Structures are given as C-alpha cells and as structure tokens.
Amino acid sequence: MFADLNALTDFSEKCPPKRKFLLISDSQNDGSFLIHHFLALYIKGGFKVFFVALVQSFSHYNIVAQKLGANLGSACESGQVTFLDGLKLVSEGLDDKSKQEYSFEKPQTTVSDNNGDDSNPFLNISNHNFTLQPLYNRIKSSLGKETKPCLLLIDDVTALLSIGIHVQEVISFIHYCSVMMCSSPTTLDGCLVTLAHNDSDVDDEESLLLWKQLCYVAHMEFHVKGLSSGYCKDVHGQLTITHRDQNSIKHSSKVVQYKIHEKNVTCFAPGMSKGCSVALKRSRMEDRMTVR
C-alpha cells in the first residue's frame, strides 16, 4: 500500500474504507496501481477479501503484493483472501465442452477456490441468456455475513464487456454488489472497489455508458489520466479524487500528480515534482542572468 494515498484519503490498514463504493477509472493511462494498493491495504490489515481477477494472473498480483509487503499466497491459503481466477474460468466457460446449463443444485466442478465452492460462474457464457447471478451468489456466500471490514475487489469490470456480457447486465451486477457491500444490514463494513476504463481516444459507447453509470453510484472516484504535456520521467500521471455525497449532488475533488516507484507511489501537487522544481529553479536562474 502507498502512504501518500492513505494520507489523501484518510484510509489505513487499521481503518480501511467502510460502506464505500470506490471506483477507479483511467483515461489513456494505467490505474491498476490503485488495485494493488487496496489489495495490500486489506491484506496487511487482516481483513477478508474476495478478489475477482479478470485481466491478470495470480502470479502477477502475488509478485506486486510482495513488493508492497503483503503475502497474497499465504492470505489465500489461510482463507483471508478468496481469489477467483477469472481468466481461467472464462476460458473454460467459452470452451465448447463446457457449454452446459448452470445448476444451483448440482454445480459443475471446474475449478476450486479456498471456500470450497467448485462451481464456475462463467459456465455457458456464450448463451444469449447468460447472467452474472452465479458470480454474485458466489460473492454473497463468501462475504454476505461478514461483520468485520471486508473488500470486494474486481479487476477490471470493463473486461466483462469485452467477453460479450451486455452492459446492462454488468451495471445491474455492480449495483447489487454495491448494495450488498455498502448498504446490507448483514455486511456491516463492506467496501467495493473496481476499475473501469474511460479512454477518450477510443469510440466505445458501452464502456462510456458503464463508466457514467458507475460514477453516478460511486461514493468516491479515483480518476487516473496521462499528462496533457506528454511523457515525463518525473511525473507518471495525474490523479483526481472525487468525493460524492449520498445524493450524488455535492462533489469535492482534489488533484495531485504521481510517480510510480518499484515499491511505492509518491503524490504531490501539480507542478511540484522533483524534476519540475529543478527546472523551475534553473529557469529562474536563467532569468536573473538575462536581466543582469
């Protein structure tokens, strides 16, 4: 996890976000470092996590978690983290041999997680009446009665569109997950974190609709975008953190720039990076010499 981000949000491993839907969005940049931040935050705090991984392998997340001081492998073995390998499950669901009706009474045994549930929620994904209800049921059975802070982490929700799931189905799925994690009387201090892409240079109406709908219901949005000036070795992008009230009427935002290091992310006010400060001092010195 990253101390600068915790300072900006008032979150910590002892006091993680509670009853919040946190949306990570990115535009012409990569916001996945925030996924790793929240995963490490909850693991190091000792809280339960249900992780739906749709874009990277377990090995990738485990390596990054270790750099941040969290052991994802041990957390999965102990039952603290339930890791759903979406890449493998979707691949099996698209396999012609796996196209069969999903049964709640007799689930198919295609893959096991550390909760003992062997059913593949993506079975028969190519069918026109496919829904994400089995995935929601799996999450609910794992976290639905958790009384301590817990996290539902989905990386990333836009990937569901790319495998052919209708945008309204994805929106409904996230809505029900948000209600379960943030408003359910049985899940006291849940948190939903997911990433959605909003690339301005890509003409994708479904992705844009999904992002807009998620913005409307999210309590906080972490929007990552590239610099308008282009590449800079001292500044890797800009992060806008927007807080929304319950009625989604009043918003408050703070804007920072950031640099990603191997084991950390530093945040600073726009134009105040180390490289910018050096350039500013050099410019002032040149101006003084010119005046003389």
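Which residue in β9 is the bridge partner of Q257? The bridge partner of Q257 in β9 is F268, and the account below starts from the strands around this pair before turning to a pocket and to some backbone features.

This is a predicted model, in which local features need pLDDT of at least 70 and side-chain atom pairs count only at pLDDT 80 or more, while totals for chains, interfaces and linings use all residues. Residues are numbered from 1 along each chain as its sequence is written, and side-chain values use heavy atoms, with hydrogens and water left out.

**Strands β7, β8 and β9**

Helices (H or I, at least four residues) and strands (E, at least two) are DSSP runs, numbered from the N terminus, and two strands pair if DSSP finds at least two bridges between them. Strand β8 runs antiparallel to strand β9 (residues 265–268), to which four bridges join β8, and β8 and β9 form a hairpin with four residues between them. Strand β7 (residues 237–244) also pairs with β8 in the antiparallel sense, over eight bridges. Y258 is the bridge partner in β8 of G237, and Y258 stands opposite C267 in β9.

S253 has its place in strand β8. Leaving aside neighbours within four places in sequence, S253 is in contact (heavy atoms within 4.5 Å) with T240, I241 and T242. The C-alpha atoms of S253 and I241 are separated by 5.4 Å, although these residues are twelve apart along the chain. The side chains of S253 and T242 are joined by a polar contact of 3.0 Å; a polar contact is a pair of N or O atoms within 3.5 Å, where within protein one must be able to donate a hydrogen and the other to accept it, and residues adjacent in sequence count only if both atoms are side-chain atoms.

**The second largest pocket**

On a 1 Å grid over the protein atoms alone, a pocket is an open set of points where a 1.4 Å probe fits, with protein on both sides within 12 Å along at least five of seven lines, and lining residues have an atom within 4 Å of a point. The second largest pocket has a volume of about 240 Å³ and is lined by 17 residues, of which F33, H36, V64, I260 and H261 lie nearest its centre. Two or more residues of this lining come from each of α2 (32–45), α3 (58–67) and β8 (251–260), and α2 gives the most, with three residues.

**Backbone features and burial**

Most residues other than glycine have a negative phi, and most peptide bonds are trans. The peptide bond from D155 to D156 is cis, with omega near -15 degrees, and D156 is found in the loop between β4 and α7. T158 is found in that loop too, between β4 (150–155) and α7 (159–162). Leaving aside neighbours within four places in sequence, T158 is in contact with L195, A196, H197, S207 and L210.

Two residues that are not glycines have a positive phi, Q28 and N124. In the table, buried means under 20% relative accessible area, exposed over 50%, and partly exposed in between (1.4 Å probe, protein chains only).

| Residue | Phi | Loop | Relative accessibility |
|---|---|---|---|
| Q28 | about 55 degrees | between β1 (20–27) and α2 | 48%, partly exposed |
| N124 | about 65 degrees | between α5 (86–94) and α6 (133–143) | 10%, buried |

T158 likewise counts as buried, because its relative accessibility is 11%.

Note on methods. Points joined across faces, edges and corners; volume = space filled by probe spheres on them.
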